[in-house]
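Please open the structure in your viewer and keep the selection tool at hand. This tour proceeds stop by stop, stating at each one what to select and what is to be found there.

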Amino acid sequence: MAMELLSQVLERIKPREEDYKELNEVRLYLLELVKSSSEELGLEVKPYFVGSLEKDTFLRGDHDIDLFLAFPLDTPLEELREKGLELAKRIAEDLDRYEVAYAEHPYVRAYYKGFQVDLVPCYDVRDWRDVRTAVDRSILHTRWVLENLDGRNDEVRLLKKFLKGINAYGSEIYVRGFSGYLAEILVIKFGSFLEVLEKHDFMLRQKVIDPGNWLKREPEIAMKTVKREIGEDKPLIVIDPIDPRRNVAANLSWERYGLFYFNAKKFLESPSLNYFFPKVTVGNYLEELRRKGTHLLTLLFNPPDIVDDLLLPQVEKTAKGLARQLELEGFKVLGIDYGRNFIFLEVDRLERPKVSIKRGPLYFSSHGLRFYARNERVWIEGKDLYSEKSVEGWIVDVVEKILKSGMFSAGKQIKKAVEEADILVDYVPRSLRKDAYVFLSRMKFRVK
């Protein structure tokens, strides 16, 4: 039954002939642009297509092209950044539109005939010892997968679609799921989609997967990687087959692995198309609030115009910073969530006592006399002094005070925007109703 079901899935997710034809036309055009633009700027650059389109592990409808512009190894880093960006922009001028994005160094995200085209400067590396920037490995990753996949492209497609369906796909720092490269490695290591699922428990117990055999080839470097990642309590350590210093699963969170763990177990017991093509039913967030007896605080703000990779980690940091300050103010924060322009805080109550009771020092000490002089209402309990101080009771007043003071941990580029945020209580605009329900019902990481 499972094999028949997987055939049905592949019929829906495999690229069609026309997809390959369109892709190849765009690739040829891009190569022409790289050649002409490089000559025009007098640059010696090799183009490499990397990622799932080059490895032929992409899903139907996946229109992301990664084109790496590889400079000679003797190019100074600053020159690579400057000339690489200049070249990428020159290429992008002949595409539909583009924007400059920033990771370790600037790159260009362009759009052409429905494809998203990332033009990324890098070094023309031959092995891991040549790697100088984080993106350099992508060339080696693509080469390794092509050499080792051995016709199991569709098995990777099934695993990717399964991970997407259970909300465990994407290695971005604001997702922390399985990357496409990690999915490819697991299929190469264990043999097939079903065999990867069967190892859901084994992987967690074994902890270390070493497809490149680095623990024998470079034991000192590989063990250093293993010890570092174990120390950081990662659910899985997959030593990069092209670089013993790197854990491919470094960004994978316990929550996302947990989604894989439970859903793999359930799928093997009872296969269903729903794991690949989930039917998402969204309830009413107000009913969820009534059921729980909790409250939802929403901050709406105008975010700066930066890419998600930079923006969302800053929003997460800010959400955690605000939650921490609210806890210090006596409110219990039961959960947080966030997006490009909002922060959700689920709290236990909307009001607190309008006075704060503080325990002071011994009444007959010098500290006690200072405490007595500084506070208006003071009394004795045993040998200690206590004081009462008026505070804001309504949670919105408390949050406004926190925002006004600026005394909360926040992302550098969004702090000002959040300080000017609108604050909503137990209400969200129509565009956020689904997000609010998913958050309050814990659908994102729910396994039962």
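**First stop: H295**

Begin by selecting H295, which lies in strand 8, the stretch covering residues 295-300. The model on the screen is a predicted one. Is H295 buried, partly exposed or exposed? Its relative accessibility is 22%, and buried would require a value under 20%; H295 therefore counts as partly exposed.

Next, display the residues around H295. Leaving out residues up to four places away in sequence, H295 touches L289, L345, E346, V347, D348, R349, L350 and D426. Select V347 from this group: 52 residues separate H295 and V347 along the chain, yet their C-alpha atoms are 5.3 Å apart. Then select D426. Its side chain and the side chain of H295 form a polar contact at 2.7 Å.

**Second stop: helix 13 and helix 18**

One of the residues touched by H295 is L289, and L289 also belongs to the contact between helix 13 and helix 18. Select residues 285-292 for helix 13 and residues 433-440 for helix 18. Two packed helices are described by the angle between their axes and the distance between the axes. Here the angle is about 30 degrees and the axes are 8 Å apart. Angles under 35 degrees count as roughly parallel, and helix 13 and helix 18 are therefore roughly parallel to each other. Their crossing is left-handed.

Which residues make this contact? Show the side chains of Y285, E288, L289 and K292 on helix 13, together with those of R433, A436, Y437 and L440 on helix 18. Sorted by class, the contact has 5 nonpolar residues, 3 charged residues and no polar ones.

**Third stop: H200**

Now select H200, which is located in helix 9, residues 200-206. With a relative accessibility of 11%, H200 counts as buried, because buried means under 20%. Add L197 to the selection: its backbone oxygen is 2.7 Å from a polar atom of the H200 side chain. What else is in contact with H200, apart from its neighbours within four places in sequence? The residues to display are Y257, F260, Y261, A264, K265 and L268.

**Last stop: the whole protein**

Finally, clear the selection and view the entire protein. Its 448 residues include 48% that count as buried. The protein has 18 helices and 14 strands, and its C-alpha trace spans about 80 × 60 × 50 Å along the principal axes. Of the contacts between residues at least 6 apart in sequence, 67% join residues at least 24 apart.

Terms used:
Residues numbered from 1 in each chain as written. Predicted model: local features only at pLDDT ≥ 70, side-chain atom pairs only at ≥ 80, totals over all residues. Heavy atoms only, no water. Helix = DSSP H or I, 4+ residues; strand = E, 2+ residues; numbered from the N terminus. Buried < 20%, exposed > 50% of the residue type's maximum accessible area, 1.4 Å probe, protein only. Polar contact = N/O pair within 3.5 Å; in protein donor to acceptor, adjacent residues only side chain to side chain. Contact = heavy atoms within 4.5 Å. Axes fitted to C-alpha atoms, helices over the stretch in contact; angles between N-to-C directions. Parallel < 35°, antiparallel > 145°, perpendicular 65-115°, else oblique. Left-handed = near helix turned anticlockwise from the far one by under 90°. Nonpolar A, V, L, I, M, F, W, Y, C, P; charged D, E, K, R; others polar.
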